[in-house]
Amino acid sequence: MAILAIGSPKGGVGKTTTATHIAAITTQVHGRRTLLVDTDPTRSTLDWVEEGQFSGLDFADGRDFNDLHGVREHEDRYDLIVIDFPQTSPPALHAMLGEPGAYIADALLVPSPPELMDLTPIIRMIETGLPIPYLLAITRAGTAGMKTSATGAPGRVLDLQKQLRDDYEFQVADTIIAERRTPYRSARERMTSVLNIGGPKTLAARAAESEYRNLTREAFALVGLATR
Ligand SMILES: Nc1ncnc2c1ncn2[C@@H]1O[C@H](COP(=O)(O)OP(=O)(O)OP(=O)(O)O)[C@@H](O)[C@H]1O
Ligand SMILES: [Mg+2]
């Protein structure tokens, strides 16, 4: 059993989208028992998942636990527990992760769009030191910047990914989640993930699904969960 927290000091970066899609893919594609815990006081995940179509996925309201350490009591019942954090300052995020020897999660996934404005507080947070293993995942990236040009020059997003790895020495996911408005909007409207939007799958929906499938594999490696 492994616990993965999704958190960031920035809002609207795709935390809930990432938590929901990793949880949905873990159940639906990998057939693993999965619990998604929403700790956001606005219940953004729960409103989406509780009423919607996420077959086989269990969910819980973080406020039902006196303290998030209680999540570990579910250890025997699940292969993966995904915790969606609200936007929190780095000190608050540290506090939410718990104390040495009793961290509430095994690893932290930090989604961030490839914009300096979003990355600045994240860079500071990682440089200050995170208490558990982490992985920074670039989300909501413009597709143009994800391509290498005919001359072999990397796009802006690829360049930033390399810079975060080489210059900052950060742990950065290989997978880049592109900004794809239509599939994610449809998924929210239909209270499901991009895997189950229904109807013939558009290219954008297929690409979104494939990106989150890849990120889910990376998340498994991060928390030490084997893919079968
Ligand atoms: N890759 C993407 N492409 C297009 N839209 C996206 C993508 N990821 C997220 N969104 C949209 O951006 C908005 C914010 O996403 P989300 O709720 O996942 O972010 P969040 O970090 O959880 O926000 P908050 O800080 O409010 O909890 C939502 O409308 C969501 O559908
Ligand atoms: Mg959220």
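**Arg140.** I began with the burial of Arg140 in this predicted model, and I counted 21 C-beta neighbours inside 10 Å, so Arg140 is classed as buried, the cut-off being 20 or more. I then placed Arg140 in the loop between strand 8 (134-138) and helix 5 (156-166). Its backbone caught my attention as well, since Arg140 has a positive phi of about 50° although it is not a glycine. I noted beside this that most residues other than glycine have a negative phi.

**Glu169.** I looked up a second residue with a positive phi that is not a glycine, and found Glu169, whose phi is near 60°. Glu169 sits in the loop between helix 5 and helix 6 (181-189). Is Glu169 buried or exposed? I found 10 other C-beta atoms within 10 Å of Glu169, and because the limit for an exposed residue is 12 or fewer, I entered Glu169 as exposed.

**Ile122.** I next turned to Ile122, which belongs to helix 4 (residues 116-128), and which counts as buried because it has 21 C-beta neighbours inside 10 Å. Which residues does Ile122 contact once its neighbours within four places in sequence are left aside? I listed Ser8, Pro9, Lys10, Val110, Ser112 and Leu136. I also checked Ile122 against Glu75, which is 47 residues away along the chain, and their C-alpha atoms are separated by 30 Å.

**Strand 4.** I went through strand 4 (residues 80-84) residue by residue and found five of the five buried, so the strand is largely enclosed by the rest of the structure. In a regular strand the side chains alternate between the two faces of the sheet. I therefore sorted the residues of strand 4 by side, and Leu80, Val82 and Asp84 fall on one side with Ile81 and Ile83 on the other, both faces being covered. Strand 4 pairs in the parallel sense with strand 1 (residues 2-6) over five bridges, and in this pairing Ala2 stands opposite Leu80. Strand 2 (residues 34-38) likewise pairs with strand 4 in the parallel sense over five bridges, and here I noted Ile81 as the bridge partner of Leu35.

**Nonpolar core.** Which members of the largest nonpolar core touch the most other members? Of its 65 residues, these are Leu4, Val82 and Ile83. The largest share of this core, eight residues, comes from helix 7 (residues 203-223). I followed Ile83 further and, not counting residues up to four places away in sequence, I recorded that it touches Ile3, Ala5, Ile6, Val37, Thr39, Val71 and Ala105.

**Ligand 1.** I found 19 residues around ligand 1, of which Gly11, Gly14, Lys15, Thr16 and Thr17 come nearest. Helix 1 (15-28) and helix 6 each supply at least two residues of this shell. Sorted by class, the shell around ligand 1 holds four nonpolar, eight polar and seven charged residues.

**Whole protein.** I closed with the overall figures, starting from seven helices and eight strands. The C-alpha atoms fill a box of roughly 55 × 45 × 35 Å along the principal axes. The radius of gyration is 17 Å, which agrees with the value near 17 Å that a compact globule of 228 residues would have. Buried residues make up 45% of the 228, and among contacts between residues at least 6 apart in sequence, 73% join residues at least 24 apart.

Key. Residues numbered from 1 in each chain as written. Chains lettered and ligands numbered in written order. Predicted model: local features only at pLDDT ≥ 70, side-chain atom pairs only at ≥ 80, totals over all residues. Helix = DSSP H or I, 4+ residues; strand = E, 2+ residues; numbered from the N terminus. Contact = placed C-beta atoms within 7 Å. Core = buried A, V, L, I, M, F, W, Y, C linked by C-beta atoms within 7 Å. Near = placed C-beta within 6 Å. Nonpolar A, V, L, I, M, F, W, Y, C, P; charged D, E, K, R; others polar. Rg over C-alpha atoms; globule rule 2.2 N^0.38 Å. Pairing = 2+ DSSP bridges.
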